[in-house]
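Visitor: I have some time and a lot of curiosity. Could you walk me through this one?

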Amino acid sequence: MEKNTKNSRSVETKLLWLLKSLLCAYVVTGILLFILTLLLYKLDLDEGKVTAGIVGIYILSTFAGGFMIGKLAGVRKFIWGMLAGVFYFVLLILISLGVYHTLQSEWQNMLTTCLLCAGGGMLGGMLS
């Protein structure tokens with residue numbers, strides 16, 4: 001009975017790590033999107049530069065989340081970081097579905113975004 005309680009606590013702890021890392025990633029996303037908005041307003045950026053900025057924000061945000069969960073986990077950091085990146089992407093898709101009631105991009109773009117998020121998280125986890 002005691003072993004089952006220990007496993008339950010372990011799962012709760014790992015879930016808390018994941019939630020903390022996702023919160024960190026989305027805080028970084030908010031800050032970077034605000035900065036990108038200011039740059040767009042002040043410098044009148046074209047669509048290509050804004051798209052590149054958004055891709056950079058995905059990578060930096062998931063890197064931050066992966067770095068955080070890697071520090072919390074201590075072992076198998078790259079897997080934890082990749083998991084944080086994938087969950088970041090899933091939450092991004094769910095938010096998009098909630099707002100637009102449809103997916104706004106093609107599956108190739110979504111796959112690329114998923115790989116960028118997973119890779120950014122994995123890199124953050126590895127470097128933590």
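Guide: Gladly, and let us begin with a term: a residue is buried when its relative accessible area is under 20%, exposed when that area is over 50%, and partly exposed in between. Please keep in mind that this is a predicted model.

Visitor: Thanks! Is G120 buried or exposed?
Guide: G120 sits in helix α4. The relative accessible area of G120 is 5%, and the cut-off for the lowest class is under 20%. Therefore G120 is buried.

Visitor: What is the overall secondary structure of the protein?
Guide: Along the sequence, the pattern reads α-α-α-α. The C-alpha atoms fill a box of roughly 60 × 30 × 20 Å along the principal axes. In total, the secondary structure amounts to zero strands and four helices.

Visitor: What share of the residues in the protein is buried?
Guide: The protein has 128 residues. Counting as buried takes a relative accessible area under 20%. The share that qualifies is 30%.

Visitor: Let us turn to pockets. What is the volume of the largest pocket, and which residues are the closest to its centre?
Guide: The volume of the largest pocket is about 760 Å³. Its lining consists of 22 residues, and the closest to the centre are I54, Y58, L92, S105 and T113.

Visitor: Which helix gives the largest share of the lining of the largest pocket?
Guide: At least two lining residues come from each of α1 (2-43), α2 (47-73), α3 (77-100) and α4 (107-127). The largest share is seven residues, and the helix that supplies them is α3.

Visitor: How many residues in the lining of the largest pocket are charged?
Guide: Sorted by class, the lining has 14 nonpolar residues and eight polar ones. Asp, Glu, Lys and Arg are the residue types that count as charged. In this lining, the number of charged residues is no more than none: there are no charged residues.

Visitor: And on the outside, how much accessible area does the nonpolar surface patch have together?
Guide: The members of this patch are L23, V27, I31, F34, I35, L38, L39 and L43. L43 belongs to helix α1. Together the patch residues have an accessible area of about 770 Å².

Visitor: Is L43 itself buried or exposed?
Guide: L43 has a relative accessible area of 54%. The exposed class starts over 50%, so L43 is exposed.

Visitor: Where is D44, and what is its phi?
Guide: D44 lies in the loop between α1 and α2. With 66% relative accessibility, D44 counts as exposed. Most residues other than glycine have a negative phi. D44 has a positive value although it is not a glycine, with phi near 50 degrees.

Visitor: Which loop holds H101, and what is the phi of H101?
Guide: H101 is placed in the loop between α3 and α4. Its relative accessible area is 68%, so H101 is exposed. H101 is not a glycine, and its phi is positive, at about 60 degrees.

Visitor: Is S96 buried or exposed?
Guide: S96 is part of helix α3. The relative accessibility of S96 is 19%, and the cut-off is under 20%. Therefore S96 counts as buried.

Visitor: How many Å separate the C-alpha atoms of G119 and G85?
Guide: G119 is in helix α4, and at 29% relative accessibility G119 counts as partly exposed. The C-alpha atoms of G119 and S96, 23 residues apart along the chain, are separated by 21 Å. G119 and G85 are 34 residues apart along the chain, and their C-alpha atoms are separated by 7.2 Å.

Visitor: One last pair: how many Å apart are M126 and S105 in space?
Guide: M126 is located in helix α4 and is partly exposed, with a relative accessible area of 48%. S105 is among the residues closest to the centre of the largest pocket. M126 and S105 are 21 residues apart in sequence, and from C-alpha to C-alpha their distance in space is 30 Å.

Conventions: Residues are numbered from 1 along each chain as its sequence is written. This is a predicted model: local features need pLDDT of at least 70, side-chain atom pairs count only at pLDDT 80 or more; totals for chains, interfaces and linings use all residues. Side-chain values use heavy atoms; hydrogens and water are left out. On a 1 Å grid over the protein atoms alone, a cavity is a set of points where a 1.4 Å probe fits but cannot get out, and a pocket is an open set with protein on both sides within 12 Å along at least five of seven lines; lining residues have an atom within 4 Å of a point. Grid points are joined across faces, edges and corners, and a volume is the space filled by probe spheres set on the points. Patches are made of residues with over 30% relative accessible area and no salt bridge: like charges are joined within 9 Å, nonpolar side chains (Val, Leu, Ile, Met, Phe, Trp, Tyr) within 5 Å. Accessible areas come from the Shrake-Rupley method with a 1.4 Å probe; for residues, only the protein chains shown count as cover. A salt bridge is a side-chain nitrogen of Lys or Arg within 4 Å of a carboxyl oxygen of Asp or Glu. Buried means under 20% relative accessible area, exposed over 50%, partly exposed in between (1.4 Å probe, protein chains only).
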